[in-house]
Structures are given as structure tokens and as C-alpha cells.
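Q: I'm new to this structure and would like a close look at one part of it. Please start with a single residue and work outwards from there.

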Amino acid sequence: MLLYPNCKLNIGLRVVRKREDGYHDIETVFYPVKGLHDELEVTLADTFSFHEEGIAVDCPADDNLIIRCYRLFKEEFALVGNVDIRFRKNIPFGAGLGGGSSDAAHMAIALNELFHLGLSRQELASRVSRLGADCAFFIYNTPCFAEGIGDRLTPIDLDLRGKRLLMIKPDVHVSTRDAYAGITPNPLPFSRSVNDFETTVFARYPLLAHIKQRLLDAGASYAAMSGSGSTIFCLFENDTERCTLSNLRLLHEEFASMIIFDDTLR
């Protein structure tokens, strides 16, 4: 079974409060981007095996969320047997794109189908939430307003199809833990135009602020950091306008080594 775990964007992000358990409640909009994805092939096998290629993941194989998901399901369901997993990492990590969470969610989808577990999407979401706050989103993979730690999801009507999306990931790794350590919870109403992490993360990594400003100067209708960083993305309203195409060429020249995605959303 071949799946393509896709990434997501945060359209606005508000850190509402710090919880007693040490986590933070947030408000954000998750938007799936199907064009940038990993590759996950899972097949039935006599013995368990895991093969990975592509971008090197910064953790031991046993800590990979794909393996952790497999173990979670194998412990709960006697029907789950051995599989051969072939995985190619294309989504950068430490980028605010949810790649690892997406991998776990799609692994759960594969196991549910291969071993005929009969779990509903709600049941799958409940289980993968144990692996990461935003894992459940990728079970639904449709625009959602997220609350709590990112696990309380409400589908919303947000359609960005037809807009040109440009995503830039510099050689900067932003630790989620460090990003939250520097944040001050903000009880103000949620806004899709504000990411609360930008203030502290930009102060530490001025390059990210520079990239965002360059995107806005180039005529983007919206530019922001996704999640706790370090991907900066923007939307252009119409990729057929001569001015927009010219500006995109200039951005490609300036950020050639950093651009990870440039395409019209579908």
C-alpha cells in the first residue's frame, strides 16, 4: 500500500494559555498542502523491516513516529502482524510543517486497511493523538480550526485553491520546545494574520523576518511563518499576472537554495 503523507500550514496561530500539564492551549487553522509530501509504502511481510531514504531524520529509527505508530497498534490489536515499511522523507523536519505527524497518521491509515481493523476516522484520530498533538489533523486532512493542544478539530470552509503558494525553508532548525519556552500566552481573539511565535523566533533568527518581508515586498497577499518555524510561506492571488511571475523569478534567484515548494494549490 503506497501513501503520500502531506504537510500542512498554519494560517495564524495564537498561544492562548499554559496548561497545568506543561503543554499550551493554542488556536490555529491547519491547512493541508498535498503537493509536498513524503512517500510511505507498507506491505504485509513475514518479518518486520523498515527502510528509509531521502532527508536524514534527526532521531534513531526506533523513535520515528512511523515505528511508534506501528508499535502502538501492534500492542492494541492482535490482528496487526509484520510489515515491510519503505519510507522516503521529503518534508523537512523542524520546519513547522507537521511532516512527522503526517507520517504517523498515514501509517495508522495503512495499518487499519491492511489488517482490516475497521476503525473509523474518529477512532484513528483518537489513537494517533497519543503520538503528537497535530497527528489527528492528518487523519481528516481537510482545513480545520484547531484548539486545545491542536487536537480539538473543527472543519472549516477555507479554500485556497488557485492561489500560488511559495514555501521557503532556510538552514534554520527551530526547536518546538525552545519556541514554546520563549512564548507569552496571549488571550486576544484569534486572527489568521498573526502567528504568536514570530515575535520571539524572528528575534532569534532575523533571517526569517527578512524572508517574510521580502515575500510581502514581492507582492504576496499573505506571508507568515508556519507553526513554530522555520518555514516561511506566502500566497500570491494570481500566478498568471506578469508582475507576479516576474517577482517569483526574482525570489527564486534570491532564495534558490531554500525554496522547498512553489506551485498553484489544487
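What does D25 count as, buried or exposed?

A: D25 counts as buried, at 9% relative accessibility. Here buried means under 20% relative accessible area and exposed over 50%, with partly exposed in between (1.4 Å probe, protein chains only). Before going on, bear in mind that this is a predicted model, where local features need pLDDT of at least 70 and side-chain atom pairs count only at pLDDT 80 or more, while totals for chains, interfaces and linings use all residues. Residues are numbered from 1 along each chain as its sequence is written, and side-chain values use heavy atoms, with hydrogens and water left out.

Now, who does D25 pair up with? D25 forms a salt bridge with R17, and their closest N and O atoms are 2.9 Å apart. (A salt bridge is a side-chain nitrogen of Lys or Arg within 4 Å of a carboxyl oxygen of Asp or Glu.) R17 itself is partly exposed, with a relative accessible area of 43%. So the bridge joins a partly exposed residue to a buried one. The pair also belongs to something wider: R17, R19, D21 and D25 are linked in a network of salt bridges.

By the salt-bridge rule, the count comes to 19. One of them joins D62 and R71, whose closest N and O atoms are 3.4 Å apart; D62 is partly exposed at 46%, and R71 is partly exposed at 38%. Another joins R266 and D263, with 3.1 Å between the closest N and O atoms. There R266 counts as exposed at 71%, and D263 as partly exposed at 29%.

Let's move on to the helices. Helices (H or I, at least four residues) and strands (E, at least two) are DSSP runs, numbered from the N terminus. In helix 3, residues 121–128, the buried residues are L124, A125, R127 and V128. Looking down the axis of helix 3, these buried residues fall within an arc of 165°, so they line one face of the helix; the arc is that of the directions from the helix axis to the C-beta atoms. Their cover includes helix 1 (65–76), helix 2 (99–114) and helix 4 (135–140).

F73 sits in helix 1 and is buried, at just 1% relative accessible area. Setting aside neighbours within four places in sequence, F73 is in contact (heavy atoms within 4.5 Å) with residues including A108, L111, L124 and R127. F73 and V128 are 55 residues apart in sequence, yet 9.5 Å apart in space, C-alpha to C-alpha.

Finally, the aromatic rings. Rings of Phe, Tyr and Trp (its six-membered ring) pair if their centres lie within 6.5 Å, and planes under 30 degrees apart count as stacked, over 60 as edge-to-face and the rest as tilted. That rule gives 8 aromatic pairs. F48 and Y70 make a stacked pair, 4.8 Å centre to centre with 25° between the planes. Because F48 lies in the loop between strand 4 (39–44) and strand 5 (49–54) and Y70 in helix 1, the pair ties together parts 22 residues apart in sequence. F48 counts as partly exposed at 34%, while Y70 is buried at 4%. Ring pairs also link F30, F137 and F138 into a cluster.
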